Structure formats: structure tokens, C-alpha cells
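Please look at the chain below before reading on. The paragraphs that follow lead through the structure part by part.

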Amino acid sequence: MQRGSFIRQILRRVDWIPVADKWCRVSIMGTDLSPEALQKEESKRERVVILMIPGNPGNEGFYADFGEILLKNLMSRDERAGGSIDRTYLFYTVSHLNHVALPAELDEHAGALKANDRFQLDAQVQHKLNYIREHLPHATRVYLVGHSIGSYMMLRVLPYIVDDFNIKGALALFPTVERMAISPNGLRLRRVLAALDSQDWLAKALTFWLNFLPVSVKKWLVGVNLRAEGIPPCVREAASELLNTNVFRNIVHMSNDELENINEFDEDALLQHKELVHFLYGTTDGWVPLEYGLEMVERAPSGHVIIDDKECEHAFVIKDGRIVAEKLVPLIV
């Protein structure tokens, strides 16, 4: 039988790990998840590490199907080109602090993290930097991928790690890196988010009952709203985990902070290493209007801004993960 990437199973493991004494959930995907393959220090094997930084909500589970498709596409490309089958690809996704409910067994041993803590954007940026420094493996090539506000986090941490890791690319997908408050979705939601954030008691009062719902009921509620064909099971699973009062409070808290602070594009801070950065913009994005992408064309190096021609949604993992994965393959070399 001919050896091929599609008979090499993509494995996935999900762990709760401490990052700077705060627990968060992390997913790792690849064909080999042995201790040798995951060791932090440089490996003798050719290893390509991809770190996915989520948007908001920041549950790593949303990206499982997308990550699997991307890995299969990369391995298939290598085989068509006659590349080495011994190359190891690893796809890491790190959740935002308290965007996944802290398990009861960890709540009593959560160190500096408490289940009801809320975190603003800067704290989540620092968390990603801490995670990379403490846990991300060194590799032959390292790629960062940010989605939505994850793109902003990615660009913020890039200058602090570029000299310590073999960073070969930073890929910003539907990037919320400027003028969020005056985007169509920002104009529609900012007053509601501001009210819920400033009146935290109200957010608790409106959502406390979510914590008493059985998991089966949460999944049913999500299924009612995500009924379209082709939606990956991991998306429905992750969406059901959002039905938690502390998760909801953190989504609101960080969203409002984004709307208040992501204003004019800070080129000095976010494009220090523009030669590494590629942007993907949509044509129907309510958070990132097309005009933002056209303006980025003038800032970024030639060819580093891609305008999607398939009308992919901002939340691309719901229905458009395969399309976006295919667009990333040429950028991961």
C-alpha cells in the first residue's frame, strides 16, 4: 500500500496546564504526540510548529477541525512534492484565560487564577507571551496564526519572541487590529457590551442559571442555533461550553475592552516585523470591513494582504474552515 498523509491519523490531546500560575486549556494536534515529538528543546527531527491564537470567544475547541484540515493539506502537499514523510507538524491552540470554565477539581488548586476572575485584553496578551516562553517547543520553523483579536495578540507578542524562536511567518485571519468600535458590529453591540461590563451584577443575574443546566441541555440549545449542515462537531461542543456565567462575563469584559482600546492602527507596535506578517481579509466582515483590508495593502509589503474571494465569514471555523486552511498552505513553507 502506498504511504500517504491521509492514512496517517491526526491525533489530538487536550490538557489543562499552568501558565504563569494560571490554568488554561491547550490543544495539541499532529501525527506524533509522543514526549520526544513534543519536547520543548530543539529536536533532531524536522519539526514545524503552528500556534493558533483564538479570537473572542477564546475556546481552543473551535479550531480543532480547522487544524486537522490544515495539517492534512500540509502533509499532502509535502508528499506530492516528494518531501520527507519524517517531517513532523504540530498544531497548538491555547485558550484565553477563563474563556473555558475551570474544572471543579482545579478550582481549589488554581494558583493565581480564580473561576470568577475577569481578564482584559492586555492580560490575555501577556498570557500568550507567557505560554510561548514556558511551553511552546522550539522547532525548525514556527508559525503564528491569529484569528480576529487573536491577530492583535499575535502581533503584540511577535517582537518579544522573534529572536528566541525560528519564526517564519505570522498569519492574521480576519484581523481586528483597528477601529473596532466604528465597525458595523462594533456600532451595533458597543452599548450593550458596555452596559453589561460596567454592571457586572447584571451580567451575573442574566446568566447565573446557565451553570445549572445539564451538559446535554446546553448541547441541545446550541444544536437548535447551529443547525446548518457541515458544521464541525467541535464547533458545537465548544459553543456549548460558552454557556457558563463566568465564561460569558469574560467574553463581555474582553469585548468591551477591545472596543474601547483597539482604535487607530498602531503601525509601530504591530508591524515591527512586517516581512513576517500576512493578512487575510473578508469581503463581508462585520468586524473588519473590506476598506480596512484595502488600507492595509498600503502598509504591508507587496503581496502580504490577501482579500478572500469566497465570502468567508468572520467566524470562519463554523462553515469555512476548509477554505481558509487551503489559503494558508502556501504561506507555511
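E241 has a relative accessibility of 24%, so this residue counts as partly exposed. The value comes from a predicted model, as do the others in this text. E241 is one half of a salt bridge whose other half is R25, and the closest N and O atoms of the two are 2.7 Å apart. The pair connects distant parts of the chain: R25 sits in strand β2 and E241 in helix α9 (residues 233-241), 216 residues apart. What is the state of R25, buried or exposed? R25 counts as buried because its relative accessibility is 11%, and buried means under 20%.

The surroundings of R25 are of a similar kind. Eight of the nine residues of β2 are buried, so the strand is largely enclosed by the rest of the structure. Strand β2 covers residues 22-30 and pairs with strand β4 (residues 88-94) in the antiparallel sense, over five bridges. Within this pairing, V26 has V94 as its bridge partner in β4, and S27 stands opposite T93. Strand β2 also pairs with β1, again in the antiparallel sense, and here the bridges number nine. One of the facing pairs is R12 with M29 of β2. The two strands make a hairpin with two residues between them, and A20 in the turn has a positive phi of about 50°. In general, strands of a sheet pair through backbone hydrogen bonds, either parallel or antiparallel.

These strands belong to a wider arrangement. Which order do the strands of the sheet follow? Eight strands form an open sheet in the order β1-β2-β4-β3-β5-β6-β7-β8, with mixed pairing. At the edges are β1 (11-19) and β8 (305-307), each of which pairs on one side only. Leaving direction aside, neighbouring strands of this sheet are turned by 20° against each other on average.

Helices pack on this sheet. Helix α5 (residues 149-161) touches β3 (47-53), β5 (141-147), β6 (167-173) and β7 (277-281), and its direction makes about 145° with that of β5. Helix α12 (residues 290-299) also packs on the sheet, where it touches β7 and β8. The direction of α12 makes about 150° with that of β8.

The bridge between R25 and E241 is one example of a wider set. How many salt bridges does the structure hold? The count comes to 23 salt bridges. Another of them joins D200 and R118, with the closest N and O atoms 3.5 Å apart. D200 lies in helix α7 (residues 200-207), while R118 lies in the loop between α3 (104-107) and α4 (121-135), so this pair ties together parts that are 82 residues apart in sequence. D200 has 15% relative accessibility and therefore counts as buried, whereas R118 is partly exposed, at 28%.

A further salt bridge is formed by the side chains of E313 and K319, at 3.4 Å from N to O. E313 is partly exposed, with a relative accessible area of 32%. K319 is partly exposed too, with a value of 48%. Elsewhere, salt bridges that share partners join E46, R77, D78, R87 and R141 into one network.

The last topic is the space inside and between these parts. The largest pocket holds about 900 Å³ of space. Its lining is made up of 31 residues, and N56, P57, F62, L242 and I251 lie nearest its centre. Which elements give two or more residues to this lining? They are α6 (184-198), α8 (215-225), α9 and α10 (245-261). Helix α9 is also the element that holds E241, the partner of R25.

Apart from pockets, a search of the whole structure finds two cavities of 30 Å³ or more. The second largest cavity contains about 40 Å³ of space. Among the residues that line this cavity are W16, W23, C24, R25, S95 and H96. The largest share of the lining, three residues, comes from β2. R25 thus appears twice in this account: as a lining residue of the second largest cavity and as the partner of E241 in a salt bridge.

Notes:
Residues are numbered from 1 along each chain as its sequence is written. This is a predicted model: local features need pLDDT of at least 70, side-chain atom pairs count only at pLDDT 80 or more; totals for chains, interfaces and linings use all residues. Side-chain values use heavy atoms; hydrogens and water are left out. Two strands pair if DSSP finds at least two bridges between them. Helices (H or I, at least four residues) and strands (E, at least two) are DSSP runs, numbered from the N terminus. Axes are lines fitted to C-alpha atoms, for helices over the stretch in contact, and angles run from 0 to 180 degrees between N-to-C directions. Contact means heavy atoms within 4.5 Å. A salt bridge is a side-chain nitrogen of Lys or Arg within 4 Å of a carboxyl oxygen of Asp or Glu. Buried means under 20% relative accessible area, exposed over 50%, partly exposed in between (1.4 Å probe, protein chains only). On a 1 Å grid over the protein atoms alone, a cavity is a set of points where a 1.4 Å probe fits but cannot get out, and a pocket is an open set with protein on both sides within 12 Å along at least five of seven lines; lining residues have an atom within 4 Å of a point. Grid points are joined across faces, edges and corners, and a volume is the space filled by probe spheres set on the points.
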